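Please work through the following exercises with the sequence and the model open side by side. Each task is followed by a solution that goes step by step.

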Amino acid sequence: MKHRLLLSAMLLVAAVAAAQDSSYARRIIRDLTSEEMFGRGMQNRGDSIAADYLRRELRANGVKPLGDDYYQYFRFPKTRTRPPIVTAGYRSQNVCGYIPGETDTMVVFTAHYEHLGMSGDTVFYGAHDNASGTAAVMDLARMANRQRGHYTYVYLFFGGEESGLVGSRWFAEHPLIQLGKVKLLVNIDLFCGGDEGLMVVNANSRETAPYVELLERINDLQGLTPKIARRDNAANSDHYWFTGECPAIFIYTLGGPYGGYHSPTDTCQGCGLGNYHRHMTLLRAFIEQL
């Protein structure tokens with residue numbers, strides 16, 4: 001059985017590798033970090049401009065809508081006076097879609113699309129955090145729609161992460177899907193760089209450890225990233241609210257290069273995607289083995 005798994009993984013990696021270049025992701029990151037997005041925050045409704053962009057991209061990729069024409073609206077519970085600056089009651093949205101499979105058992109991919117917005121005239125572009133993860137999830141959707149899969153794939157782009165995981169908490173408390181039918185949720189946040197490998201958060205629970213072990217076996221076979229490190233669960237990204245309802249992990253890159261973190265220097269130009277091909281090849285092979 002083990003040898004069949006390894007051979008299957010090798011064939012899957014070879015089959016998907018050619019499709020994993022970074023040009024599509026680079027375009028998504030470039031667009032999300034453009035001046036027209038205003039840092040994807042409340043100022044000038046940059047978050048809503050970004051959400052509409054993602055909605056159009058999901059349509060173009062053949063992803064079906066969840067919610068109100070791909071949207072799930074929520075309001076911010078508190079006012080913040082430092083980036084991300086928000087006003088209590090401000091309405092934002094999660095962007096949600098799915099690709100039906102042969103079964104209604106779901107594999108869910110998530111990323112937060114919003115960022116710190118603006119402080120005065122200073123724009124926080126948010127390429128690494130988290131246009132990069134948003135681009136990776138959208139790229140997974142683009143590739144998944146080429147053929148019908150066994151599982152139903154769900155793609156969730158959350159608002160309000162920088163203000164305290166607001167959008168993902170709202171979704172977990174008001175789900176548009178049956179969370180009990182989720183086989184695995186994979187959250188991607190901070191996906192530029194990665195010279196030192198990948199980190200998996202919530203990697204050691206009874207529910208998630210077998211999935212992380214599968215990811216490690218595929219990487220041991222193919223050597224796609226220097227290491228896969230593990231962390232216990234933490235409330236450090238949008239996966240957190242789902243960990244009591246379904247197996248949920250959070251993947252981020254280790255090491256550079258990237259332009260910055262919570263800084264105006266976090267731009268598309270500084271977004272290192274030299275490892276994107278290998279990381280996406282690993283993720284695609286992992287998904288096919290679930």
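At 33% relative accessibility, Glu288 counts as partly exposed. The model in which this value was computed is a predicted one.

**Exercise 1. Establish which residue pairs with Glu288, and how the two are placed in the helix that holds them.**

Step 1. The side chain of Glu288 meets that of Arg284 in a salt bridge, with 4.0 Å from N to O.

Step 2. Both residues belong to helix H7, and because they are 4 residues apart there, about one helical turn separates them.

Step 3. The burial of each partner can then be assigned: Arg284 has a relative accessible area of 13% and is buried, whereas Glu288, at 33%, is partly exposed.

**Exercise 2. Determine which parts of the chain are linked by the salt bridge of Glu57 and by that of Arg59.**

Step 1. Side chains of opposite charge can pair when their charged atoms come close. By the rule applied here, the model contains 13 salt bridges.

Step 2. Glu57 pairs with Arg27, their closest N and O atoms lying 3.0 Å apart. This pair links distant parts of the chain, since Glu57 is in helix H3 and Arg27 in helix H2, 30 residues apart.

Step 3. With a relative accessible area of 9%, Glu57 is buried, while Arg27, with 27%, is partly exposed.

Step 4. Arg59 forms its salt bridge with Asp69, and here the closest N and O atoms are 2.9 Å apart. Arg59 lies in helix H3 and Asp69 in the loop between strand E1 (64–65) and strand E2 (71–75), so this pair ties together parts that are 10 residues apart in sequence.

Step 5. Arg59 is partly exposed, at a relative accessible area of 41%, and Asp69 is partly exposed as well, at 34%.

Step 6. Arg59 and Asp69 also belong to a network of salt bridges that links them with Asp52, Arg55 and Arg56. Within this network, Arg55 has its place in helix H3 (residues 46–60) and is buried, with a relative accessible area of 15%. Once neighbours within four places in sequence are set aside, the contacts of Arg55 are Asp69, Tyr70, Tyr71 and Val95.

**Exercise 3. Decide whether the buried residues of helix H2 line one face or are spread around the axis, and name elements that cover them.**

Step 1. In helix H2 (residues 23–32), the buried residues are Tyr24, Ala25, Ile28, Ile29, Asp31 and Leu32.

Step 2. Viewed down the axis of H2, these residues fall within an arc of 165°, so they line one face of the helix.

Step 3. The cover over the buried residues of H2 includes H3, helix H4 (127–144) and H7.

**Exercise 4. Describe the largest nonpolar core and the surroundings of Phe191.**

Step 1. The largest nonpolar core has 62 residues, and those that touch the most other members are Val95, Phe109, Tyr155, Phe157 and Phe191. Helix H4 gives the most to this core, with 10 residues.

Step 2. Not counting residues up to four places away in sequence, Phe191 touches a set of residues that includes His128, Ser132, Gly133 and Ala136, together with Leu198, Ile251, Tyr276, Met280 and Leu283.

Step 3. Apart from the largest core lies another, of 16 residues, among them Phe158, Ala172, Val182 and Leu185.

**Exercise 5. Find which cysteines are joined in a disulfide, and examine why Cys268 is not bonded to the closest cysteine sulfur.**

Step 1. The structure holds 1 disulfide, which joins Cys192 to Cys271 with an S to S distance of 2.2 Å. With -70° about the S-S bond, this link is left-handed.

Step 2. Cys192 lies in the loop between strand E8 (182–188) and strand E9 (197–201), and Cys271 in the loop between strand E11 (248–254) and helix H7 (276–289), so the pair ties together parts that are 79 residues apart in sequence. Both Cys192 and Cys271 are buried.

Step 3. Cys96 is in no disulfide, as the nearest cysteine sulfur, that of Cys246, is 14 Å away. Cys96 counts as buried, at 0% relative accessibility.

Step 4. For Cys268, the closest cysteine sulfur is that of Cys271, and the 6.2 Å between the two sulfurs is too far for a bond, given that a disulfide requires sulfur atoms within 2.5 Å. Cys268 also counts as buried, at 10% relative accessibility.

Definitions and conventions
Residues are numbered from 1 along each chain as its sequence is written. This is a predicted model: local features need pLDDT of at least 70, side-chain atom pairs count only at pLDDT 80 or more; totals for chains, interfaces and linings use all residues. Side-chain values use heavy atoms; hydrogens and water are left out. Buried means under 20% relative accessible area, exposed over 50%, partly exposed in between (1.4 Å probe, protein chains only). Contact means heavy atoms within 4.5 Å. The arc is that of the directions from the helix axis to the C-beta atoms. A nonpolar core is a set of buried Ala, Val, Leu, Ile, Met, Phe, Trp, Tyr and Cys residues joined through side-chain atoms within 4.5 Å.
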